[in-house]
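Trainee: Could you take me closely through the aromatic rings of this model and what surrounds them? I would like one connected account rather than a list.

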Amino acid sequence: MSEETRKRWPAFVYAEGEEPDYRFSFANERTFLAWIRTALALLAAGVALDVVDLPLGDNLQTGLALALIVLGLFCTAAAWLRWAFAERAMRGRRPLPSFGLALPVTFGLVIVAVAVAVALGRAL
């Protein structure tokens, strides 16, 4: 392992394998940034849901806002893990890891959307 490789963080990603084609690394970084944008949107939606006065119960509205914020935090962690595991797989010339992280985010968003739609439908 070269001195330059030893200095790179995180070490568990860069400690093995060979440098992949830079285009693949850049694509992996773009995917990371897309997850971060999604996380920021979820955080903003959670804050907006808590601030805007909707005809929902206070506890329900706060709970749904908190659920969106937690999903945003989950997306942030998932973005970094997905980047690290994909980069490590590319360096070792192994298949990319599966994309199971989208399922909890999808279910969480569906639950929040259904709860808001039902609550707003009752208010009409």
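Mentor: The charged end of arginine 8 is placed over the ring of tyrosine 14, at 3.9 Å from the ring centre, and since this is a predicted model, that placement should be read as computed from the prediction. Tyrosine 14 also belongs to a cluster, joined through ring pairs, whose other members are Trp9, Phe12, Trp80, Trp83 and Phe85.

Counted by the ring-centre rule, the aromatic pairs number six. One of them is formed by phenylalanine 12 and tryptophan 80, whose centres are 6.2 Å apart and whose planes make an angle of 55°; because stacked requires planes under 30 degrees apart and edge-to-face requires over 60, this pair falls into the tilted class. In terms of the chain, the pair connects distant parts, with phenylalanine 12 in helix H2 (residues 11–14) and tryptophan 80 in helix H4 (residues 58–91), 68 residues apart. Phenylalanine 12 has a relative accessibility of 33% and is therefore partly exposed, and tryptophan 80, at 28%, is likewise classed as partly exposed, given that buried would need a value under 20% and exposed one over 50%.

A second pair to examine is that of tyrosine 22 and phenylalanine 26, with ring centres 5.9 Å apart and planes at 75°, so that it counts as edge-to-face. Both residues lie in helix H3 (residues 22–51), and their spacing of four residues corresponds to about one turn of the helix. Their accessibility classes can be given separately: tyrosine 22, with a relative accessible area of 55%, is exposed, whereas phenylalanine 26, at 45% relative accessibility, is partly exposed.

From the cluster one can move on to the largest pocket, since Phe85 is a member of the ring cluster and is also listed in the lining of that pocket. The volume of the largest pocket is about 170 Å³, and Phe85 shares its lining with Asn28, Thr31, Leu81, Arg82, Ala86, Met90, Leu96, Pro97, Ser98 and Leu101. Helices H3 and H4 each contribute at least two of the lining residues, and the largest share, five residues, is supplied by H4. By chemical class, the lining of the largest pocket consists of seven nonpolar residues, three polar ones and one charged one; the charged one is Arg82, because arginine is counted among the charged types.

Technical notes. Residues are numbered from 1 along each chain as its sequence is written. This is a predicted model: local features need pLDDT of at least 70, side-chain atom pairs count only at pLDDT 80 or more; totals for chains, interfaces and linings use all residues. Side-chain values use heavy atoms; hydrogens and water are left out. Rings of Phe, Tyr and Trp (its six-membered ring) pair if their centres lie within 6.5 Å; planes under 30 degrees apart count as stacked, over 60 as edge-to-face and the rest as tilted. Buried means under 20% relative accessible area, exposed over 50%, partly exposed in between (1.4 Å probe, protein chains only). A charge sits over a ring if NZ of Lys or CZ of Arg is within 6 Å of the ring centre and within 35 degrees of the ring normal. On a 1 Å grid over the protein atoms alone, a cavity is a set of points where a 1.4 Å probe fits but cannot get out, and a pocket is an open set with protein on both sides within 12 Å along at least five of seven lines; lining residues have an atom within 4 Å of a point. Grid points are joined across faces, edges and corners, and a volume is the space filled by probe spheres set on the points.
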